[in-house]
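The following exercises concern a single protein chain. Please work through each task with the structure open before reading its solution.

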Amino acid sequence: PWIASAVGRMRQKGDTGVHYIALNDDGPLLVDDDYAFDGTHPTQAGAKKIAAFLKGKVAKILSWE
């Protein structure tokens, strides 16, 4: 929450170049099998899930067609 808060404050001050996209607001985006052996870094499948989740959101921010 502190990252979202910090980004919100920056945007209120006029910094429109900074964005925050929450990955887990609707529950965990990744499951245990989506992480490498360290439980922190995503596997290739996990990285694809993150990319698919972010694709439309980033496209909107960057005004991609």
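**Exercise 1.** Determine where Ser 63 is placed, and classify Ser 63 as buried or exposed.

*Solution.* Step 1: in this predicted model, Ser 63 belongs to the segment after α2. Step 2: the relative accessible area of Ser 63 is 61%. Exposed means over 50%, so Ser 63 is exposed. Step 3: consider the backbone. Phi of Ser 63 is near 60 degrees, which is a positive value in a residue other than glycine.

**Exercise 2.** Locate Leu 62 and state how far its C-alpha atom lies from that of Gly 17.

*Solution.* Step 1: Leu 62 is also part of the segment after α2. Step 2: with a relative accessible area of 47%, Leu 62 is partly exposed. Step 3: Leu 62 and Gly 17 are 45 residues apart in sequence, and their C-alpha atoms are 9.9 Å apart in space.

**Exercise 3.** Test whether the end-to-end distance of α2 agrees with its number of residues, then find where α2 is kinked.

*Solution.* Step 1: α2 has 18 residues, and at 1.5 Å a residue these should span 26 Å. The expected span uses one less than the number of residues. Step 2: the end C-alpha atoms of α2 are 25 Å apart, which agrees with the expected span. Step 3: α2 nevertheless contains a kink of about 40 degrees, centred on Lys 55.

**Exercise 4.** Identify the buried residues of α2 and describe the surroundings of Gly 46.

*Solution.* Step 1: Gly 46, Ile 50 and Ala 59 are the buried residues of α2. Step 2: Gly 46 has a relative accessibility of 0% and therefore counts as buried. Step 3: leaving aside residues up to four places away in sequence, Gly 46 touches Leu 30 and Asp 34. Step 4: Gly 46 and Ala 59 are 13 residues apart along the chain, and 20 Å separates their C-alpha atoms.

**Exercise 5.** How many salt bridges does the structure hold, and which parts does the pair of Lys 49 and Asp 34 tie together?

*Solution.* Step 1: there is one salt bridge in the structure. Step 2: this interaction joins the side chains of Lys 49 and Asp 34, at 2.7 Å from N to O. The distance satisfies the cut-off, which is within 4 Å. Step 3: Lys 49 lies in helix α2 (residues 44–61), whereas Asp 34 lies in the loop between α1 and α2, so the pair ties together parts that are 15 residues apart in sequence. Step 4: compare the burial of the partners. Lys 49 is partly exposed at 35% relative accessibility, while Asp 34 is buried at 5%. Step 5: list the contacts of Asp 34. Not counting residues up to four places away in sequence, Asp 34 touches His 41, Pro 42, Thr 43, Ala 45, Gly 46 and Lys 49.

**Exercise 6.** Place Trp 2 in the structure and name the residues that form a nonpolar surface patch with Trp 2.

*Solution.* Step 1: Trp 2 is in helix α1, which comprises residues 2–12. Step 2: Trp 2 has a relative accessible area of 68% and is exposed. Step 3: Ile 3 and Tyr 20 join Trp 2 in a nonpolar patch on the surface. Together, Trp 2, Ile 3 and Tyr 20 have about 380 Å² of accessible area.

Terms used. Residues numbered from 1 in each chain as written. Predicted model: local features only at pLDDT ≥ 70, side-chain atom pairs only at ≥ 80, totals over all residues. Heavy atoms only, no water. Patch = residues over 30% accessible without salt bridge, like charges linked within 9 Å, V, L, I, M, F, W, Y side chains within 5 Å. Areas by Shrake-Rupley, 256 points an atom, 1.4 Å probe, with all protein chains shown as cover. Helix = DSSP H or I, 4+ residues; strand = E, 2+ residues; numbered from the N terminus. Buried < 20%, exposed > 50% of the residue type's maximum accessible area, 1.4 Å probe, protein only. Bend = angle between axes of the 7 residues up to and from the residue. Contact = heavy atoms within 4.5 Å.
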